[in-house]
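User: Could you take a close look at one part of this model for me? I'd like a connected walk-through rather than a list.

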Amino acid sequence: MWWLIVAAALGVPLVVTAMPEFGMFAIGAGAAALTSALGAGTVAQFVVFLAVSVLLVVFVRPVAMRSLRSRPRVRMGIEALTGATALVLEEVDEHGGRIKLQGEVWSARALDPHQVFAPGQQVSVAQIDGATALVL
C-alpha cells in the first residue's frame, strides 16, 4: 500500500513540472508495490524500486530526450514571416511601398537602398521591422 502512495506522490511533481524522471520513479514504485503484493520482503521491494527506476532513467530518458529535440520547430508570428514570398502592390524602394504578404497588405521597404521593386514582382521578406517588412 505504501508503494502505491509513493507512486501517486511522485505523479504530482510529474504533472506540475513535466519532468519525466518523476514518472520513471513512480513506475519504479509501482513495480515495488507489485513485488510487495507477491510477498517479497522489504529489502527486495527497495531493490526492485531502485533497479526499475535507475534502468528507466539510464535507458529510457536519453531516448525520450532525443525524441523531443528532433521534432521540427514550428515558426510562429513574425519569425514565420521571415523568408516568406510576397507580391509587390505598390513600388517598393528604400522609402517605402506596399506588398501583399500571406493575404495581408503590409508596408515594405527595400533592404538594399539601391533596389526598386515594381508592382507585380515577387519579393522575399528578409526581416520585419515593427509593422514594415524589409524585402529583397
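Which residues make the nonpolar surface patch of about 450 Å²? Start there, and then follow the helices outward.

Analyst: Sure thing, and keep in mind throughout that this is a predicted model. The patch you're asking about is made by Val-54, Leu-55, Val-58, Phe-59 and Val-60, and its nonpolar surface comes to about 450 Å². Take Val-58 as a way in: this residue sits in helix 3, which runs over residues 42-69. Val-58 has a relative accessibility of 46%, so it counts as partly exposed.

Stay on helix 3 and go to Gln-45, which belongs to that helix too. Gln-45 is buried because its relative accessible area is just 11%, under the 20% cut-off. As for what surrounds it, leaving aside neighbours within four places in sequence, Gln-45 is in contact with Trp-3, Ala-32, Thr-35, Ser-36 and Ala-40.

Trp-3 on that list takes us over to helix 1, where it is one of the buried residues, along with Ala-7 and Leu-10. Looking down the axis of helix 1, these buried residues fall within an arc of 70 degrees, so they line one face of the helix. That fits the usual pattern: an α-helix has 3.6 residues a turn, so residues three or four places apart point the same way. The buried residues of helix 1 pack against helix 2 (20-37) and helix 3. Flip to the other side of helix 1 and you'll find Trp-2, Leu-4, Ala-8, Val-12, Val-15 and Val-16 exposed.

Helix 1 itself covers residues 2-17, which is 16 residues, and its first and last C-alpha atoms are 23 Å apart, close to the 22 Å expected at 1.5 Å a residue. Right after helix 1 comes Ala-18, with a positive phi near 60 degrees.

Now back to helix 3 for its link with helix 2. The side chains of Arg-61 and Glu-21 form a salt bridge, at 2.2 Å from N to O. This pair links distant parts of the chain, with Arg-61 in helix 3 and Glu-21 in helix 2, 40 residues apart. The two ends aren't covered in the same way: Arg-61 is partly exposed, at 31% relative accessibility, whereas Glu-21 is buried, at 14%.

The count of salt bridges comes to 2, so let's step away from the helices for the Arg-109 and Asp-129 pair, whose side chains meet at 3.5 Å, N to O. Arg-109 lies in strand 3 (residues 104-110) and Asp-129 in strand 4 (residues 122-129), so this salt bridge ties together parts that are 20 residues apart in sequence. Here Arg-109 is partly exposed, with a relative accessible area of 27%, and Asp-129 is partly exposed as well, at 40%.

While we're away from the helix 3 patch, have a look at Ala-84, in the loop between helix 4 (78-81) and strand 1 (85-90). Ala-84 is buried, with a relative accessible area of 12%. Not counting residues up to four places away in sequence, Ala-84 touches Leu-101, Gln-102, Val-123, Ser-124 and Val-125. Another residue to find from there is Val-135: Ala-84 and Val-135 are 51 residues apart in sequence, yet 9.7 Å apart in space, C-alpha to C-alpha.

Note on methods: Residues numbered from 1 in each chain as written. Predicted model: local features only at pLDDT ≥ 70, side-chain atom pairs only at ≥ 80, totals over all residues. Heavy atoms only, no water. Patch = residues over 30% accessible without salt bridge, like charges linked within 9 Å, V, L, I, M, F, W, Y side chains within 5 Å. Areas by Shrake-Rupley, 256 points an atom, 1.4 Å probe, with all protein chains shown as cover. Salt bridge = Lys/Arg side-chain N within 4 Å of Asp/Glu carboxyl O. Helix = DSSP H or I, 4+ residues; strand = E, 2+ residues; numbered from the N terminus. Buried < 20%, exposed > 50% of the residue type's maximum accessible area, 1.4 Å probe, protein only. Expected span 1.5 Å × (residues − 1). Arc of directions from axis to C-beta. Contact = heavy atoms within 4.5 Å.
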